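Let's take a walk through a protein model, one feature at a time. Keep the picture open as you read.

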Amino acid sequence: TVIPDGALEVSRDGANTQLVISSYDDSNSYYPYLILRKADGTEADPDLVHDNDILGVIQFKGSDNDADDVFLSGAEIIAKVNGTPTDGQMPCDLEFYTNNGGTGPDLSMIIKEDGKVGIGEELPNAILHVTRAANTNADALILMVAI
């Protein structure tokens, strides 16, 4: 693109746009990677990240044809430090945001650093903690078993 929105932008009119990372090997030794890295400090002198630092974000955006902000976030996945990192340890939550028709996404699901999963619940206190919004007639949880 002529005027990129970032350090690297791949743009194409009238066709699917793909960014492909390929690896070829007959064993499980080699495979493609996508790595998002974050450090405090500088590239020459990286430093320890801190509690609540965001390690990376994947955003899914769509155009609403508004001249001010053409692309609105429909969904996001955020990796966020949860606790104090130390040598060999990086406590991290994985947050999933979805947009129910507003101007931005809201937290829908979280996987905490201790493995607990919250759906509609930011602070799960069990392996799976499901909370439904007040004043809704939606079921909080349905379990189905196929026989």
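Here is a short tour of the sheet, one loop residue and a pocket. Keep in mind that this model is predicted.

## The sheet as a whole

Start with the sheet. It is an open one built from 6 strands, lined up in the order β3-β4-β5-β6-β7-β8, and the pairing is mixed. At the edges sit β3 (54–63) and β8 (128–130), each of which pairs on one side only. If you ignore direction, neighbouring strands of this sheet are turned by 20° against each other on average.

## Around strand β5

Now zoom in on β5, which covers residues 92–98. On one side, strand β4 (residues 71–81) pairs with β5 in the antiparallel sense, over 7 bridges. You can pick out one of these links yourself: Ile78 has Glu95 in β5 as its bridge partner.

Strand β6 (residues 106–111) also pairs with β5 in the antiparallel sense, this time over 5 bridges. To find a spot where they meet, look for Thr98, whose bridge partner in β6 is Asp106.

Which residues make up the covered face of β5, and which the uncovered one? Asp93, Glu95 and Tyr97 are on the covered face, while Cys92, Leu94, Phe96 and Thr98 are on the uncovered face. So two residues you have just met turn up again here: Glu95, the partner of Ile78, lies on the covered face, and Thr98, the partner of Asp106, lies on the uncovered face.

## A parallel pair

Next, move along to strand β7 (residues 117–119), which runs parallel to β8 and is joined to it by 3 bridges. One place to look is Val117, whose bridge partner in β8 is Leu128.

## A loop residue with a positive phi

Time to leave the strands for a moment. Asn52 sits in the loop between β2 (46–47) and β3. Asn52 is not a glycine, yet its phi is positive, at about 75°. Is Asn52 buried or exposed? It is exposed, with a relative accessible area of 53%.

## The largest pocket

Finally, take a look at the largest pocket, with a volume of about 730 Å³. Its lining has 16 residues, and the closest to the pocket centre are Asp5, Leu8, Glu9, Val10 and Gln59.

Which strand gives the largest share of this lining? That is β3, with 3 residues, and you may remember β3 as an edge strand of the sheet. As for chemistry, the lining is a mix: 6 residues are nonpolar, 5 are polar and 5 are charged.

Notes: Residues are numbered from 1 along each chain as its sequence is written. This is a predicted model: local features need pLDDT of at least 70, side-chain atom pairs count only at pLDDT 80 or more; totals for chains, interfaces and linings use all residues. Side-chain values use heavy atoms; hydrogens and water are left out. Two strands pair if DSSP finds at least two bridges between them. Helices (H or I, at least four residues) and strands (E, at least two) are DSSP runs, numbered from the N terminus. Axes are lines fitted to C-alpha atoms, for helices over the stretch in contact, and angles run from 0 to 180 degrees between N-to-C directions. On a 1 Å grid over the protein atoms alone, a cavity is a set of points where a 1.4 Å probe fits but cannot get out, and a pocket is an open set with protein on both sides within 12 Å along at least five of seven lines; lining residues have an atom within 4 Å of a point. Grid points are joined across faces, edges and corners, and a volume is the space filled by probe spheres set on the points. Ala, Val, Leu, Ile, Met, Phe, Trp, Tyr, Cys and Pro count as nonpolar, Asp, Glu, Lys and Arg as charged, and the others, Gly among them, as polar. Buried means under 20% relative accessible area, exposed over 50%, partly exposed in between (1.4 Å probe, protein chains only).
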